[in-house]
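Thanks, everyone, for making the time. Please have a look at the sequence and the structure on the screen before I begin.

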Amino acid sequence: MISIARPSKPDGWDAKVTEAVKVLFAAHRADRSASLHFRESIYRSKEVRDAYIEAQNRKCAYCEHYIGDDHPGDVEHFRPKAGYKQDESNHSLISPGYFWLAYSWDNLLLSCWRCNNHKANWFPLVDPKKRAKPTQRNLSQEQPLLIDPTSVQPELHIRFREHVATPVNGSRHGSTTIEILDLNRTKRDGKNKNPVDRRKESYLRLQNDWTNWRKLQLLSTRRSDPELQEVIRSYQNQFRQAIHPSAEYSAMARDFLASVGFSNDRS
Ligand SMILES: [Zn+2]
């Protein structure tokens, strides 16, 4: 997971969704236990998808898996709209959820179906007593344990040891986020390659390239060879690309390359 700059809200977005939010409040007031009907055509519109695809470099906001390879990705609600669970072990959903945020631009992200499925309605807070309610919608009091990559720096809570996501200094936000999204999942998804296996392959490739680069560097101290210098430069470019926000699993690449002392200066 890496920090994401939320895309700009399209002109007229709030005006467009105001009526739809009023309908939800009216339905909730009429029957507090009713399941609410959400207008998918708003939050799953092409406008939303295109904006988030671009802002997130075509990657899942959580696991950095490329979206589109095996699934178009899900427009996901950071705060669950229909109901939530504080504990995963508690099977019953607590409702209502954050229905008033169903069309809130700042509550949307694009994720892969695996992260979205595993997260589902699991949305624990440090202090559940401070959870916002339809009548008291004060989100600033909440401290979600799931990391929102648009407002929290994920690397303060999650780092990678080889290809494995690991909480930083026992961070509760880190460990809970890893658990909610199952970031180290090992289960295969049908015929598709598991993202963790794919992340491991990416790690091993990077490690191998690094070993080769080190050998070539040593060689270059003993002989002057323009072609050798060219190969060394191309490896360096590869490393820079691997840590760029547009690269798949760039957080893992950053942690690996930082651990071996790779400097990203272009001198
Ligand atoms: Zn994902």
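I will go from the domains to a pair of strands and then to one helix.

Please keep in mind throughout that this is a predicted model. The domain assignment divides the protein chain into domain 1, covering residues 13–181, and domain 2, covering residues 195–259, and the centres of these two domains, taken over C-alpha atoms, are separated by 34 Å. Where they touch, 13 residues of domain 1 are in contact with twelve residues of domain 2, and on the domain 1 side these comprise six charged, four nonpolar and three polar residues.

Let me turn to the strands. Strand 1, residues 74–77, and strand 2 run antiparallel and are joined by four bridges, with histidine 77 standing opposite leucine 108 of strand 2. In a regular strand, side chains alternate between the two faces of the sheet. Which residues of strand 2 lie on each side, then? Leu108 and Leu110 are on one side and Leu109 and Ser111 on the other, and since every one of these is buried, both faces of strand 2, residues 108–111, are covered.

Finally, helix 5, which spans residues 172–181, is mostly covered, with seven of its ten residues buried; these are His173, Gly174, Thr176, Thr177, Ile178, Ile180 and Leu181. What covers these buried residues of helix 5? The cover includes helix 4, at 113–119, together with strand 3, at 158–161, and strand 4, at 164–167. Just after helix 5 comes aspartate 182, which has a positive phi, near 55°.

Terms used: Residues are numbered from 1 along each chain as its sequence is written. This is a predicted model: local features need pLDDT of at least 70, side-chain atom pairs count only at pLDDT 80 or more; totals for chains, interfaces and linings use all residues. Domain bounds come from an automatic or database domain assignment. Two residues are in contact if their C-beta atoms, placed from the backbone, lie within 7 Å. Ala, Val, Leu, Ile, Met, Phe, Trp, Tyr, Cys and Pro count as nonpolar, Asp, Glu, Lys and Arg as charged, and the others, Gly among them, as polar. A residue is buried if 20 or more other C-beta atoms lie within 10 Å of its own, exposed if 12 or fewer, and partly exposed in between; C-beta atoms are placed from the backbone. Helices (H or I, at least four residues) and strands (E, at least two) are DSSP runs, numbered from the N terminus. Two strands pair if DSSP finds at least two bridges between them.
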